[in-house]
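This briefing covers selected features of the structure shown below, grouped by topic. Please read it alongside the coordinates.

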Amino acid sequence: MTGALLTGFILFLLKVVCESEPTHAGTDRVEDSHVHLTPQWALQLVNDSLPFSRADSFCRGQFGSLLPLDQLEDQEEPLELLRQIGLRSPVWVRDSSRPVSKPVAVSRQYLQFSALNFPKESREGFAHVNISLPALSSISVCVRVQWDPEWNEVSTIFSYAAPVFTNEFQLRGQVDVQGRILLALIIHGKHLPYKASFPNNGEWHHICVTWRRNSNQWAIYVDGDKKDMGSGSDTYRDIYRDGILILGQDQDSFGGNFTEPFFGNITDLNVWNMSLEARHVHSLSSCLPSSPMLTQDMLFSWNLDLISSHPVVQKVQALLFCPAGVHQQMAPQGCRTLQGWSEQQPPLGLTDCSDLLPFICRSSRERYLRMKQMRESQSSQPTAFMNQLMKLSNTSEPVLGQQRLGLDGLAQASVLLNMSAQALEVTQQERLQPADMVSLIQLLSVTADVPSQPPSRAENGSQENFQELGQHFISVADSIISEDNTLTWQAIKEVVNGPMDVVKSIDRMVTRLSPRLMAETDHLTIRSPNIKLEVQQQRLQEGSKVPSFCGPETEKLTKLDCISVPRQKIQDLHNNGFYKLTLVNTWYGSLRPLFNPEENISMVPTVTDGSQRYLGTFLGSSVISTTVLGDDQPVSMAVHFQLQHRVQDSVGNVFDPVCAFWDFDLNPEAGGWWNTKGCEVVSKYYGYTVCYCNHTTNFALLLQVYEAQRSPENEKALQVLTFIGCGVSLCGLLFTFILFIAVGVPKSDRTTVHKNLIVALGMAELLLMCSDWASENEAACFLVTALLHLFFMASFSWMLVEGLLLWSKVVSVNISEDRRMKLYYLIGWGLPVLIVGVTLVISVNKYKADDHCWLNMKTDTIWAFVGPVIFVLVVNAVVLCRVVMVTVSSAHRRAKMLSPSSASKMQTFDLSWAVTRPVLILLPVLGLTWLCGVLVHLSVVVAYIFIALNSFQGFYIFLVYAVYNSEVRNAIKRIKEKRKALSFTNCSQPTSFLPSQRAPITSWSRNPPTPYSPETSETSGPTSSTSTSLVIKNESFRKESFVSFSLKQASGNQQVVQLTGFKPSGC
């Protein structure tokens, strides 16, 4: 590289944006720029001429934008600037009402054309264009063709024959041995060589041919690119007038004797009496409407009404892919200009976007002043980075204000990036200064806008050169976004919008260079410590599938940051006519610390139930992006991605992820902002989140931070209280169940329901106590979650059965006990199994919570528990109200039976107790204490009450079913009395019993007693006789005396009752 280039590079970096401007193409001359300061803005007039797109690119490189003019009052300041300078020519400005160009959906990138089909079944097909052409000193013909892939012979796309010369102007093609279509022109009868080509793939291709007499130059363009050019015939004359233009056949005679037919489809034929420039052809290929200048010189525009065709030629509809789409900013009326000198003209106008005009850049006043300050500081005392650059360029002292070369080619850009990368590597121990950062960011922005195919150098660069440029670009970008430069980013926030400016430059660079980067390979990966870039390319076909892209693998990252395009979307591209797919994927691992940690992202909280206090939203992940190129043009595409949560856990805070993307059009003055439109959370897991977005761009996770309303001390106390309560409940439930089995409580439907409720609730309490231990193992935790769900659902189902059973006691129900128990078992166990099974099948991936063994509270899965519980509580609440009403009615009737003097006092007491007693007894049994769970978020006191009521539910059931249950108490009492009776029988002597006259000894007949009668117990008698003993307590005896009645078989069918009295003998 020449010394002038290296010196220019130093000047490019040192002379930061404030006084720099682009050079006119082909010269090194630099005009003065003029800056006009307003209270809010700095307006910079760049008095050098560029086309609109390059002017917009230059302003973007200056960390500003082309001056937007929306209102009439916005024009006063720039008009005053133009008048002061005396500039008479118009200048480029930006029309803010025109949307910025974006990749759009596939359906919006297609236009429908009426086409002519030339079938292979007949060689006689042709179409006659009914126009009369004048003598032409220049001509351009553009047409879109779809070649029949099975036809391999010479074909004529169009032929123009004049009365005095047959082969006046003709375009023809043939298939070569490699399967390509080769094109050739015939001008004034001279057959030019077959050189321009395109693949014979059955796709639509745009072809333009141009010729000019004064230079005798011709050119052939295919799909917007110049494929061949050269000198025409040896005869310097115009094309003859009044000829015949035929599509699809060669005219061996004037208007007849057709040969060499074309087979396929033709549409969009247009003819001009001028030689189109390359920029015009590129716009036409991209479906951009013609500029006013092209419209004026058009001889024929595609119109089937002006075409006569042979009967075998059919009119068909063609759906053509338009790379740029009709939405691009270069609209048919041109680009916005501001005229400042003449008072007679409207100040705003429209001009062809390719014209070369001066322009006005706008940036904020603070940004301009800050950049000026950094430039002056850099000039007086260069940094270590700048000193190293001067050393590499053999420049001892850069002279400011001298000539500076612009970046007009990729070779120059590669050298500049290479030098930057070397200087950064040498000075990596030194932190980059603000001026260094600004210069490097500007270098990336300008390099990203360099055309990828400069006219004079497009064929000189090999793939290695382009890959080397990409590697240097990523290396410089990686150094800029390193976490070591966090403080420097804060220092330049008045100048640079933020680290996303670097991301945008990388996106533009790779999108522009992707055809060159992938010319000889299908896969390219560029890695650096903070950036991973991967480009994948493939030919689309049936069943095409693209693998996921993931960030770099490290020991710390077990679940990688990944992004992928759904397979169906890839197939849709193929179905819509795309033949090549290019995916540009990028991962940025160090952007999060570069954003201002004190800068809160405005966003509506997702948790609004009051259980947590919203603190703010922050970037909480790496940034990952995908750009989809269909046939080298950006298209919109839906994506799935997963990102890890990169945030330090803090005590008392809860993080809720939100899927978002960086929208460069949102608040453009600040470089964009985070947006969530079109993105949604698919699933949330511990440590990472899976998202879906309906478009491609740069994605990240925003973490909404919430503060738990309860302090860590309260949380710990509540956990301890829960554990103790569950332990006490489990013991109470176990004792209750043992009592039901051991003491011989009479079998009934009520005791059966009680036992099932005890089993279900006991298992749920036991699993709840063990759930913390299972959380360390993913599989065990999932199993515990499913079992907890099952047994808690069973607990509430049996609570529902308790309510239904209680209702059957209050309201007459005509159903047998056997049938009723079958229904109860179906509700108590069958319904929970069904609910849990269906939930697992529907949402197995969203079933479990991230950080504990329970249902996922952040998805709809939790309703598989909450929904049934709410239903049970509502039903049992109705049952309780009915029971209270019946109890109050009974108490009211008893009160009326009292004496009038005490009726009022007793009525009040009875009514109060009639309401209080069933409520106290039935609330825990029916599970109605869970109703206070909806109030837990209001106060920590309510949380303590809720846990006390429900974690001790098993203990309450023990009190109700065991301690204060008359059946259990009577059974226990019978066991005690039986044991005492047996004790008396074994160690006492019978006492004399003298029957009184009121109770003589008699005998009577009776049936054998029921074995399961609660008042009887069987004892063994002598083998010689059968006897049954009844043990009663006789109050006429002393306190410890008992009487035994022995029933013995007498003669006949009579039974004799023998009374024997016992009293203790001290045993």
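In this predicted model, helix α9 passes helix α12 in a left-handed crossing. The points below begin with that helix pair and then turn to an open sheet, to two buried strand residues, and to two residues with unusual backbone signs that are not glycines.

**The packing of α9 and α12**

- Helix α9, which spans residues 434-448, packs with helix α12, residues 500-517, at an angle of about 25°, and the two axes lie 8 Å apart. Because angles under 35 degrees count as roughly parallel, α9 is described as roughly parallel to α12.
- On the α9 side the residues that meet the partner helix are Ile-441, Leu-444, Ser-445 and Ala-448, while α12 contributes Val-502, Ser-505, Arg-508, Met-509 and Arg-512. Sorted by class, this contact has 5 nonpolar, 2 polar and 2 charged residues.

**An open antiparallel sheet**

- An open sheet is formed by 5 strands in the order β28-β29-β34-β38-β37, and the pairing is antiparallel. The edges are occupied by β28 (549-550) and β37 (679-685), each of which has a single partner strand, so one side of each is left without a neighbour in the sheet.
- At the β37 edge, the pairing with strand β38 (residues 688-693) is antiparallel and runs over 6 bridges. Within this pairing, Val-681 has Cys-691 of β38 as its bridge partner, and Cys-679 is bridged to Cys-693, also in β38.
- β37 and β38 form a hairpin with 2 residues between them, and Gly-687 in the turn has a positive phi of about 95°.
- As general background, the strands of a sheet pair through backbone hydrogen bonds, either parallel or antiparallel.

**Two buried residues in strands**

- Gly-264 is placed in strand β19, which covers residues 264-272, and with a relative accessibility of 9% Gly-264 counts as buried, since the cut-off for that class is under 20%.
- Although Gly-264 and Phe-118 are 146 residues apart along the chain, their C-alpha atoms are separated by 5.3 Å. When residues up to four places away in sequence are not counted, Gly-264 touches Leu-116, Asn-117, Phe-118, Gln-146 and Asp-148.
- Ser-197 is found in strand β12, residues 196-199, and is likewise buried, with a relative accessible area of 15%. Leaving aside residues up to four places away in sequence, Ser-197 touches Arg-180, Ile-181, Leu-182, Val-222 and Lys-227.

**Positive phi at residues that are not glycines**

- Where in the chain does His-188 lie? His-188 is found in the loop between β10 (180-187) and β11 (190-191), and His-188 has a positive phi of about 55° although it is not a glycine.
- Is His-188 buried or exposed? At 8% relative accessibility, His-188 counts as buried.
- Asn-257 also has a positive phi, of about 50°, although it is not a glycine, and Asn-257 is found in strand β18, residues 256-259. At 52% relative accessibility, Asn-257 counts as exposed, because the exposed class takes values over 50%.

Note on methods. Residues are numbered from 1 along each chain as its sequence is written. This is a predicted model: local features need pLDDT of at least 70, side-chain atom pairs count only at pLDDT 80 or more; totals for chains, interfaces and linings use all residues. Side-chain values use heavy atoms; hydrogens and water are left out. Axes are lines fitted to C-alpha atoms, for helices over the stretch in contact, and angles run from 0 to 180 degrees between N-to-C directions. Helices (H or I, at least four residues) and strands (E, at least two) are DSSP runs, numbered from the N terminus. Angles under 35 degrees count as roughly parallel, over 145 as roughly antiparallel, 65 to 115 as roughly perpendicular and the rest as oblique. A crossing is left-handed if the near helix is turned anticlockwise from the far one by less than a right angle, and right-handed if clockwise. Contact means heavy atoms within 4.5 Å. Ala, Val, Leu, Ile, Met, Phe, Trp, Tyr, Cys and Pro count as nonpolar, Asp, Glu, Lys and Arg as charged, and the others, Gly among them, as polar. Two strands pair if DSSP finds at least two bridges between them. Buried means under 20% relative accessible area, exposed over 50%, partly exposed in between (1.4 Å probe, protein chains only).
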